[in-house]
Structure formats: structure tokens, C-alpha cells
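Q: Could you take me through one part of this model up close? I'd like to see how the helices of the second chain pack together and how that chain meets its partner.

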Amino acid sequence: MRMRTIEISVGAFMLAGILAIVVLIVKVSGVTLSTGESVHLIKAEFNDVAGLRLRSKVSMAGVTIGRVAGIEVDPKYGRAIVDMEIDDAAWPLTVDTGARILTEGLLGARYIGLSPGADPETLGEGEFITETQGALVLENLIGDLVTRLGASN
Amino acid sequence: MIVLLRSLGILTLERLRGLGSATVMWVTALAGLPRRGDMALLGRQIYNIGVLSLVIIVLSAFSIGAVIALQFYTQLARFGAEDAVGLGLALVLLRELGPVVTALLFAGRAGSAITAEIGLMKSTEQLSSMEMMGVDPLHRIVAPRLWAGILCLPLLTAIFNVVAIYGGSVVAVQWLGSDSGGFWSGMQDTVEIWDDIGKGMIKTVVFAVVVTWIAVYQGYDTEPTAEGIGLATTRTVVTSSVAVLAIDFILTLGMYGDFN
């Protein structure tokens with residue numbers, strides 16, 4: 001009898017520990033287990049993606065509709081190529097969809113904001129968004145401002 | 001001068017002897033366990049080391065999580081950045097506090113118990129009578145405790161992290177009224193599986209090995225007197241606490257210190 005309670009509590013302990021690891025992975029790091037829900041891949045070229053990270057969110061009208069799946073640099077033209085996974089719910093996107101790199105709050109995390117277009121044609125799997133605007137780098141803005149102020153005096 | 005040199009030599013040789021016999025003991029014991037009949041022994045030790053440590057782990061985790069959230073909140077609210085409470089809390093816990101505090105509590109709660117138990121067995125000559133009966137005490141006494149410790153501490157750390165983050169969310173979201181969406185999504189955007197959770201788990205496995213090793217060796221090596229057991233128990237707690245903190249610094253340096 002005594003041995004039995006020990007065995008049961010050991011079993012419960014192991015279960016609790018493993019559950020805790022699963023909770024950490026799913027709830028805290030926010031990995032979405034792919035539940036067979038299909039995603040669509042699109043690409044976009046930016047002149048600057050400063051601060052954008054893997055799994056940063058992609059949103060449209062403030063609603064998260066996907067995430068960043070890859071960031072590479074095109075060494076020939078010195079531009080960044082970003083792969084995005086778009087959820088089925090927001091698919092398809094029009095060819096004149098615009099992509100901008102935005103910031104949450106003043107110093108928050110970077111994300112990609114998509115603005116809908118009006119073209120009847122839609123983007124295919126793996127195609128490029130052409131209307132893009134890169135990240136605003138605060139230091140560059142301040143630098144510009146300082147130069148202009150200097151010039152006007 | 002010569003006398004001084006000689007005593008330094010003796011000290012070094014003694015330390016090396018201790019380290020050597022501890023290593024030999026550790027390897028033999030670890031290699032000794034996985035046989036089928038040993039599961040009951042192991043289960044018993046998981047109960048002693050893991051299940052009975054659960055109360056102290058859960059209680060301290062909740063209060064630590066709550067305190068960190070409170071401190072982060074009051075400071076971050078000055079910049080209007082309350083949403084960063086969640087990610088700060090999660091990163092602090094997963095990377096540093098979770099593994100380290102759990103290991104320290106584990107050393108105090110389970111490590112001392114292991115040392116005292118084995119030390120008492122030695123001083124009442126249970127270990128030598130086992131040897132006389134042809135039962136290997138390394139296999140029967142030491143190995144289950146080592147394995148149980150290595151198995152339990154990572155699980156306890158995971159439980160600690162979950163409870164502490166929950167405690168933090170209770171304070172930040174429910175009590176102080178920080179936005180629940182910002183709390184969780186800020187956390188989920190920043191925390192990486194490998195960089196934060198995985199590396200934290202590596203730390204805790206290393207700590208588990210170190211703490212149980214020290215505890216078992218101190219018990220096995222103790223002077224077979226009442227005073228000796230007391231000394232050995234103290235030494236277990238002190239040595240493993242210092243070792244955990246020092247090793248944590250080295251591991252952090254290796255994992256997060258970018259020298260490229």
C-alpha cells in the first residue's frame with residue numbers, strides 16, 4: 001500500500017514535470033504547433049530590415065495573419081529578402097499589397113504591416129511583394145535632422 | 001620554507017585524491033544502474049528527492065515570480081513600458097533564476113538529505129555490511145540517488161519556471177492591471193525555444209549532475225562520527241551552492257557572451 005502511493009506520486013511528479021516543459025514551449029515561447037492548417041509563403045524585398053527577427057509577426061489592419069519565416073541578404077544588390085508565412089484566413093493577397101516594416105510603440109519589437117491593395121490579380125505561392133518600405137532607423141532620422149538644421153543656419 | 005612547500009604539496013595531493021576517488025565513484029555508480037530490477041530503488045529515490053522537494057519549489061517559485069513582476073512593473077511603468085513585464089520575467093526566469101534558484105533549493109533540500117543519509121549508513125557500518133554480503137553499495141545506494149537527482153532537477157526547474165511565470169502574471173495582470181495581451185504576446189515574441197528554454201535546460205542538467213555528485217560523494221567520504229556527518233552535510237550545501245553559482249557564470253559566458 002505504502003509502495004503504491006509512492007509509485008503514484010512519482011508518476012504524477014514525472015507527468016507534472018513533462019507538462020511543465022510542454023507549457024514552457026507552447027505558452028511561453030509561443031510556438032504554434034502546426035495543426036495541419038496550411039500556410040502560404042510569400043516574399044518581399046526591403047532596403048533595410050533592422051530589428052526584424054525570425055517569427056516576428058506579420059499583420060494586416062492590426063490583426064496578426066502570419067509570421068516571418070526567413071531573412072536573407074541579397075549580396076548583389078545589398079537588399080534584404082524576407083520570407084513570410086501567411087495564414088489561410090488572410091489568403092489570397094492582391095499583387096499590389098504593400099509591405100512596411102513597423103515598430104510596436106516607440107522602441108518596441110519590429111513587425112511587418114501589410115496594407116491591402118485593390119488589384120483583382122492575386123499573389124501566387126512564393127511570389128514577391130513589390131511595394132515595400134523598409135525600417136525607419138531612428139539614428140538615420142536624427143542624423144538627417146541634425147544635418148538639415150545645420151544647413152539652414 | 002621547505003615545510004610550507006611540503007604542506008602545500010600534501011594539500012594538493014589530498015585534493016587530487018579526493019577528486020580522483022569522487023570521479024571513479026561517479027562513473028562506476030552511473031554505469032551501474034540501468035538494470036531491470038532497479039526501477040523500484042529509483043522510484044523510491046525520485047519520491048524522496050523530487051516529489052518531496054515539490055512543496056518548497058512551488059512556494060518559492062510563486063513568490064519569486066510575484067516579486068520580479070512587481071519590481072519590473074514599478075520601474076517599467078515609469079516609461080510606459082508595462083507590456084515588457086512579461087518578456088522580462090520570462091527571460092530572467094528561463095535563462096538565470098529558474099535553473100540557479102532551483103539548484104540552490106535542491107542542494108539545501110535534497111542534497112543535504114542525501115549526504116546525511118549516506119553518512120549515517122556509513123557511520124552505522126551499513127555500507128560495510130552490505131559489502132560483506134556481496135551487495136555493491138555503489139550500485140544499490142549511490143547509483144539510484146545520482147540518477148534520481150539528474151532526472152528530477154530538470155523537471156523541478158521546469159515546474160519552477162511555469163509556477164513563477166504564473167505568479168508573475170497574477171501580480172502584473174490580475175493585480176496591477178497590466179494588459180494581459182501585451183504580457184503574453186510580448187513574452188511569446190521574444191522567447192526562443194533553443195536560446196532561452198533549451199540553454200536553460202542544459203544549465204539545469206549540469207547543475208543536477210554537480211549537486212548530486214557533491215552530495216553523494218560527501219556522504220560516502222564522511223568521517224563516520226556524529227560530528228563528521230554534520231560537517232559533511234554543511235559542506236554539501238556550501239560546496240554545491242558555490243559550485244552552482246560559479247558554473248552558472250561560466251555557462252552564461254559560454255552561451256550568451258558573444259565574443260565574435
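A: Let's start with a term you'll need: pLDDT is the predictor's confidence in each residue, on a scale from 0 to 100. This is a predicted model, and chain B averages a pLDDT of 89, with 97% of its residues scoring at least 70. Confidence varies from element to element: in chain B, helix 3 has the highest mean pLDDT, 94, and helix 7 has the lowest, 82. For the model as a whole, the scores are ipTM 0.81 and pTM 0.76.

Now for the overall look of chain B. You'll find nine helices and zero strands, so to speak a plain run of α-α-α-α-α-α-α-α-α along the sequence. Its C-alpha atoms fill a box of roughly 70 × 55 × 35 Å along the principal axes. Of the 260 residues in chain B, 45% are buried. Take the contacts in chain B between residues at least 6 apart in sequence: 88% of them join residues at least 24 apart.

Next, the packing itself. Two packed helices are described by the angle between their axes and the distance between the axes. Try helix 3 (residues 54-76) and helix 4 (residues 84-123) of chain B: their axes come within 10 Å and cross at roughly 145°. That crossing is right-handed. On the helix 3 side, the residues making the contact include B:Ile56, B:Ile57, B:Ile64, B:Ile68 and B:Phe72. Helix 4 answers with residues including B:Val85, B:Leu89, B:Val92, B:Val101 and B:Leu105. Sort the residues of this contact by type and you get 15 nonpolar, four polar and one charged. B:Arg109 of helix 4 is among the residues in the contact too.

Now move along to helix 6 and helix 8 of chain B. These two pack at an angle of about 150°, with their axes 8 Å apart. Here, too, the crossing is right-handed. From helix 6, the contact uses B:Val142, B:Arg145, B:Leu146, B:Gly149, B:Ile150, B:Leu153, B:Pro154 and B:Thr157. From helix 8 come residues including B:Met201, B:Phe207, B:Val209, B:Val216 and B:Tyr220. The tally for this contact is 13 nonpolar, four polar and one charged.

Helix 6 turns up again where the two chains meet. The contact between them takes 22 residues from chain B and 18 residues from chain A. On the chain B side, helix 2 (39-49), helix 6 (137-175), helix 7 (180-190) and helix 8 (193-220) each supply at least two residues. Helix 6 gives the most, with six residues. By type, the chain B side divides into 14 nonpolar, four polar and four charged.

Helix 2 of chain B deserves a stop of its own. Its buried residues are B:Gln45, B:Ile46, B:Tyr47, B:Asn48 and B:Ile49. What covers them? The cover includes helix 1 (2-28) of chain A, along with helix 4 and helix 6 of chain B. In other words, both chains have a part in covering these residues.

That brings us to the partner. Chain A has two helices and eight strands, and from the N terminus on its elements run α-β-β-β-β-β-β-β-β-α. Its C-alpha atoms fill a box of roughly 90 × 45 × 30 Å along the principal axes. A compact globule of 153 residues would have a radius of gyration near 15 Å, but chain A has 22 Å. Buried residues make up 22% of the 153 residues in chain A. As for its contacts with a separation of 6 or more, 64% are between residues 24 or more positions apart.

For one last zoom, find A:Phe128, which sits in strand 7 (residues 128-129) of chain A. Why does A:Phe128 count as partly exposed? Because it has 13 C-beta neighbours inside 10 Å, while a residue needs 20 or more to be buried and 12 or fewer to be exposed. Leaving out residues up to four places away in sequence, A:Phe128 touches A:Lys43, A:Ala44 and A:Glu45. A:Val95 is 33 residues from A:Phe128 in sequence, yet the C-alpha atoms of the two are 8.6 Å apart in space.

Key: Residues are numbered from 1 along each chain as its sequence is written. Chains are lettered from A and ligands numbered from 1 in the order in which they are written. This is a predicted model: local features need pLDDT of at least 70, side-chain atom pairs count only at pLDDT 80 or more; totals for chains, interfaces and linings use all residues. Axes are lines fitted to C-alpha atoms, for helices over the stretch in contact, and angles run from 0 to 180 degrees between N-to-C directions. Helices (H or I, at least four residues) and strands (E, at least two) are DSSP runs, numbered from the N terminus. A crossing is left-handed if the near helix is turned anticlockwise from the far one by less than a right angle, and right-handed if clockwise. Two residues are in contact if their C-beta atoms, placed from the backbone, lie within 7 Å. Ala, Val, Leu, Ile, Met, Phe, Trp, Tyr, Cys and Pro count as nonpolar, Asp, Glu, Lys and Arg as charged, and the others, Gly among them, as polar. The radius of gyration is taken over C-alpha atoms; the globule rule is 2.2 Å times the number of residues to the power 0.38.
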